[in-house]
Amino acid sequence: MSMLICGRFGPHCERYIQQALRRHHPQQVRCTVPRNHALFKSSSSSQQSIFLISERGLWRLHHAHKNRSSRYLLSARGHLLVLGNQRNVVTWTRITKALMRPRNIIITGLVGTGALISQKIEAVKRQFPDLDWMKEYLPESEAVRSLMNSIQSAASQLSLPEKGFISNHLPKLKDAAVIEGLKSWWEENAGKNSASVLSEDQTGTTHKNTVPLIGFGRSGATAASSKKNPEKERLEQVQEEMIQIQIRYQKEIDRLIKENKDLRKSLMLKEVKSGRKRSMRKSLIDMYSDVLDELERYDSSYNTQDNLPRVVVVGDQSSGKTSVLEMIVQARIFPRGSGEMMTRSPVKVTLSEGPYHVASFKDSSREFDLTKESDLAALRKEVELRMKASVGDGETVSQESIAMTVKGPGLQRMVLVDLPGIISTETSVMAPETKNNIRKMVKGHMENPNAIILCIQDGALDAERSNVTDLVSQMDPTGKRTIFVLTKVDLAESNLYNPDRIKSILEGRLFPMKALGYFAVVTGRGNQNDSIQEIKNYEEHFFRNSKLFKDGVLKPTQMGTQSMSMAVSELFWKMVRETVEQQADAFKATRFNLETEWKNTFPRQRELDREELFEKAKGDILDEIINLGQLTPKQWEEAFYNKLWDRSSSYFFESIYLPAAQTENSGVFNTTVDIKLKQWADNMLPKKCVEVGWDTLHDEFLKIVEKDKKNKGHDEIFDQLKVAVIEASKNKHQWDSKAEDSLRVIQVNTLEDRSVTDKQQWDSAVKFMEETVKARLQQTQEKMKELTGPGKWEQWTHWKTKTQDHRNRGAAKGELEKILSAEPDHKSNLNSDELTTVRRNLQTNGIEVTNDFIRETWYHVYRQFFLNKALGQCQECRKGFYYYQKGFSDSGLECNDVVLFWRLQRMLQITSNALRQQVINNEARRLERIIKEVLDEFGEDRETLTKLLTGPRVQLAEELKKVRQIQEKLEEFIQALNKEK
C-alpha cells in the first residue's frame, strides 16, 4: 500500500521520516520532504493510493487516537508516531480516502479559484487610473463594468462536475509520455527552493511511475508559481485585456453606426421613391454654426463680445495639427505638404451627424463625397485655392476664415477652427512680420474665455523646442479649457524616447501649461496616401502592442483619437450649455441699448439697414432714369444743339470761317468753305457728334438727379451712391457703333446744300451769325483788356494801375490799329516791313519789344478788327434776302458769310434731331439696362456699399439689425437645446 501524507512540519521532519522508514520499511525507494510539506511514496504494493493530510487534520487524528499506538503518523512538532496495529492503519486510510473524494476536492478547488479570481479583480481595479477628474467630460466605460460583473457572477455560479470525474481522467496519466510531461511541468513551476519527491534521488535514478503533486489553496506549488510570475506580467495581462475590451467596444460602435447609416439611407430612399418629403429641421450643431457665422460677421476681430465656445486647434508647424483634425473629421480634406506651411488662413469646420459622409462650403451649394478619392482631391484643391485667394499681396497668412461643414455617421458634433502653425523663424519666402501675425491670430482666437484649446504637441521632438505650450499657458494658465494631445507617439517609441519624459508629459508635469486632459494619438505612418481607415488600423495595432502601454507609461483612457474626440466633444457641449444663455442675455441688453439710442437720435425715421437703404436708393435711381422719357423732343434737340455748337465753334471759326473770309472774292470763299466743310464732315464731325450725344444723355440724367436733391423729402444719404452709379454707368455705356456712319451721311448732304428757301431761314441765319460773332468779339475784347490793363476809369474807381507790360501792349496795340486803319482789307499776317516799322516806332517812344511780342498783340488786334467788320456785315445783310435770290448781281452786297452760317445751322439742327432719335429709340434703354447692371453689382459688393452708404444712421441701423439676428438665432438655438435635454 502506498501512502501520501502532506502537512506543514518543522525543519527536522525529513530526518525523522527517513529514520522511521529505514527502520520499518527498508524497501521504501525514496523519500524527500520539502520545507512545508511531507510526501510519502511507497511501491511495495501494486495498488496505488494517494493520501493528502493537512497539518490540522493530522493534529486532529493524533488527538482522536492518543490512547492507541500509532504507526507512520507525524506529530505537529516533527516526531514520528508508530501505529499500534494494522486496523488503525486501515481506519486512517478510510479517513484519508474520505478527504480525497472528488466532490470535496472540487469544492475546495472552487473556493480557492474564487478567492484567486477575487484577488485578480482587485488587482485589475488597482491598475485602473484615477479618472475622477474626467467623470464630467468622459462617459463611463459600461463595457468594462459589465465585464467585471460577469466575472464575479460566473465565479459564484460554477457548478460541480459529475461524480467520478477524477477517476475517469486520472487513469489516462499512466502513459509514460504524459507522466514525463507532467513531471517537466512540476519541475518548471516548483522553483529552486521547492523539493519534490519526483526529483532524482542520490543515485541519479528517475522514477517515471510517479504522479505530480495535486495541491489546493495556498499550496507550495502555488507559492512558487507566484514568485515566478512577477507583477509586471500580471500588469501586461490586464493591459492586454483592456485593449481587447476597447477593441470590442469600438467594433460594436462601428457596427451600430453602420446599421444606423444603412437605416437612414433606406428611409431617405423610401421617401424619394414615394415622392413624399419629410420636413427636416436643422440640427443643433448647424444652428450653432449659423450663430457663430453671424457673430463672425458682426465682429470679425474676435474680441470679447464673442464668447461662444469653439474648439481652437493650435500647435507648432508640422506638429500633426491638421492630421488630428482630419482624424476627427474622418477624411483627408486639407491640402498636404512636406515641411512647408499649408494652413494659411483659419478654417472653421462644423461637424455634424448625417447619413452620408459629405462636405460643403458655407457659400457654395456643391457637396463633396468624402468616400470618393476624386471628390477628396477636388476638395483639397478648393481649400488651397480659397486660402491663396484670401491672402493679400505681399502677405503669407490671412485673417479671413474659410467656413466648411462636414457631415457623416458617427462624427462628434462640434465646431473646430484650424489655425496656421506657430513658427520660430521667418524664411526668405515669407512676408515680414509673418511670425508675429500668426501669433497675433492664434492669440485672438484663444482670448475667447470659452474657447476650448486643443493643444497639439509633436511627441517625436524634444519638449524644449515647443512654442505652443508657452502661448497656451499664457492664455489659459489654469488649464480649465485646454486639452493636450501628444502626436507621433509611434515615432517617439521607435526613436527610443525616454518613457519617463512621455509619462511626465501625459501627467502634466513636464510642460509649464496645465490641461483638463492629456491624450496620446497616432495620426499616420508618414505616408500621405494612407486612408483614414488605414491610419486607424495602424493606430489600434500600435497601441495594442506598444511597449509604452505595457510598461504603464500610457493609460488606456489616454490613448487613441476616438477617446480624444469624445472628450473634446463632451467638453464642447458642456461649455455651450453653460455659456449660451449668458451670451443671449448680453445681446438682449445690447439690443435694448441700441433701440433706445435710435429712438433718441432718429425719432422720425425708420430703422433701415444698409441693404434696405440700397433697395430704396435703387428704386429712386430707376425712377429717375425713367424720367428721361419725360423730356420733350424740343428739349433734347436744344440740349444737343447747344452742346454740339459749343464743342465745334472754335474749330469752325479758326479753321473754316477765318481762312475763307480772308479770300479775295466770293468764288474763292465758297470753294474754300466747301473743301473745308467736306473734310470736317468726313473725319471729325461725326465722331464729335457721338461724343456730344453721349455727354448730353448723361448730363440730362445728372440734371434729373440734381433736381431731385431740391425736393423736400430728399435724403442726403443716397447722394454718394447715386454719383457712383452715374460714373460707373458712364464708363460702361458705349454708343451704337452704327450711329457714326449714319450721322456722316446726313451731315455731308446737309452741308452741301446752299439754298436758303425763305426769309425766315435767312433771318435765322443772320441772327445765328450775329450772336456767334458777338460772343467771339466779347471774348476777344476781354482778352485785349487783360493784355493792356485797366482803363482810366477803372484805375480811378478800383485803385488799379498798369504794369510796364500793360503799357507796352497798349503802345503796340496803337501802332497796329494804325496799320488796319490805313488798310481795312489787310491780311491776317504782318509782313517783315510792317514788323520793323512797328518796332522802330515803339523804340522811338522808348519801348523795346520783340517781334513775337508784336505778333501776339497783332493776333488779338486783328481778330477784334475782323469780328467788328463781320458784325457790321451782318447788319448789312439783314435785309439782303432779296439780293440773295437775285444772285447779288447788281447790288454789290456780299452775304456769303450768312449762307455759310445757314449751312452750319442747318447741319446742327439735323444732327440734333438724329441724336434725339437715337437716344429715345436705343440709347436711353441701353443706359437703363446698364444702370440696372451697375446697381446689381453694387448690391453684391458689400465693401462698395459700405463705402457709399455710410454715416451714423447707417452704422447704428446696421448694428441693430445684426444684434437682432444674433439674438433671434441664439434664442432659437437655446430652445432646441432645451428640447434635446
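This is a short talk on one protein chain, given from a predicted model.

I'll begin with the whole chain. There are 981 residues in the protein chain, and buried residues make up 43% of them. The secondary structure comes to 34 helices and 11 strands. About 53900 Å² of the protein chain is exposed, and carbon and sulfur atoms supply 49% of that area. Now take the contacts between residues at least 6 apart in sequence: 78% of these join residues at least 24 apart.

Next, the sheet. How many strands form it, and in what order? There are 9 strands in this open sheet, and the order is S6-S5-S7-S4-S8-S3-S9-S10-S11, with mixed pairing. Which strands stand at the edges? They are strand S6, residues 368-369, and strand S11, residues 517-520. Each has a single partner strand, so one side of each is left without a neighbour in the sheet. As a reminder, strands of a sheet pair through backbone hydrogen bonds, either parallel or antiparallel.

Let me go through two of the pairings. Strand S3, residues 311-315, and strand S8, residues 414-418, run parallel and are joined by 3 bridges. If you want to find the pairing on the screen, look for Val312, whose bridge partner in S8 is Val417. The second pairing is S9 with S10, which also run parallel, with 6 bridges joining them. Here you can look for Leu454, which stands opposite Ile483 in S10.

S10 itself deserves a moment. Is strand S10, residues 482-487, mostly covered or left open? It is mostly covered, with 6 of its 6 residues buried. That holds on both faces of S10. On one side the buried residues are Thr482, Phe484 and Leu486, and on the other they are Ile483, Val485 and Thr487.

There is also a helix packed on this part of the sheet. Helix H13, residues 434-446, lies across S3, S8 and strand S9, which spans 452-458. The direction of H13 is at about 150 degrees to S3.

Now one residue in a loop, Thr343. Where does Thr343 lie? Its loop runs between helix H11, residues 321-329, and strand S4, residues 347-353. Is Thr343 buried or exposed? Its relative accessible area is 8%, and the limit for buried is under 20%, so Thr343 counts as buried. Leaving aside neighbours within four places in sequence, Thr343 is in contact with Lys321, Thr322, Met387, Asp418, Leu419 and Pro420. With one of these, Thr322, there is a polar contact from side chain to side chain, at 3.5 Å.

A brief stop at helix H12, residues 373-390, where Glu382 has its place. Glu382 is partly exposed, with a relative accessible area of 27%. Its C-alpha atom is separated by 9.4 Å from that of Phe334, although the two residues are 48 apart along the chain.

The last topic is salt bridges. The count comes to 49. I'll show three of them.

The first is Glu611 with Arg942, where the closest N and O atoms are 2.9 Å apart. This pair links distant parts of the chain, as Glu611 is in helix H20, residues 610-626, and Arg942 is in helix H33, residues 942-948, with their positions 331 residues apart. Both partners are partly exposed: Glu611 has a relative accessible area of 38%, and Arg942 has 45%.

The second is Asp715 with Arg953, with the closest N and O atoms 2.8 Å apart. Asp715 lies in the loop between helix H23 (685-709) and helix H24 (719-732), and Arg953 is in helix H34 (residues 952-980), so the pair ties together parts that are 238 residues apart in sequence. Arg953 is buried, with a relative accessible area of 11%.

The third brings Arg942 back, now with Glu958, at 3.5 Å from N to O. Glu958 lies in helix H34 and Arg942 in helix H33, so this pair ties together parts that are 16 residues apart in sequence. Glu958 is buried, at 6% relative accessible area.

Which residues are linked with Arg942 in a network of salt bridges? The network holds Asp609, Arg610, Glu611, Arg942, Glu958 and Lys961. The first and third pairs I showed, Glu611 with Arg942 and Glu958 with Arg942, are between residues of this network.

That is the end of the talk.

Methods. Residues numbered from 1 in each chain as written. Predicted model: local features only at pLDDT ≥ 70, side-chain atom pairs only at ≥ 80, totals over all residues. Heavy atoms only, no water. Helix = DSSP H or I, 4+ residues; strand = E, 2+ residues; numbered from the N terminus. Buried < 20%, exposed > 50% of the residue type's maximum accessible area, 1.4 Å probe, protein only. Polar contact = N/O pair within 3.5 Å; in protein donor to acceptor, adjacent residues only side chain to side chain. Contact = heavy atoms within 4.5 Å. Pairing = 2+ DSSP bridges. Axes fitted to C-alpha atoms, helices over the stretch in contact; angles between N-to-C directions. Areas by Shrake-Rupley, 256 points an atom, 1.4 Å probe, with all protein chains shown as cover. Salt bridge = Lys/Arg side-chain N within 4 Å of Asp/Glu carboxyl O.
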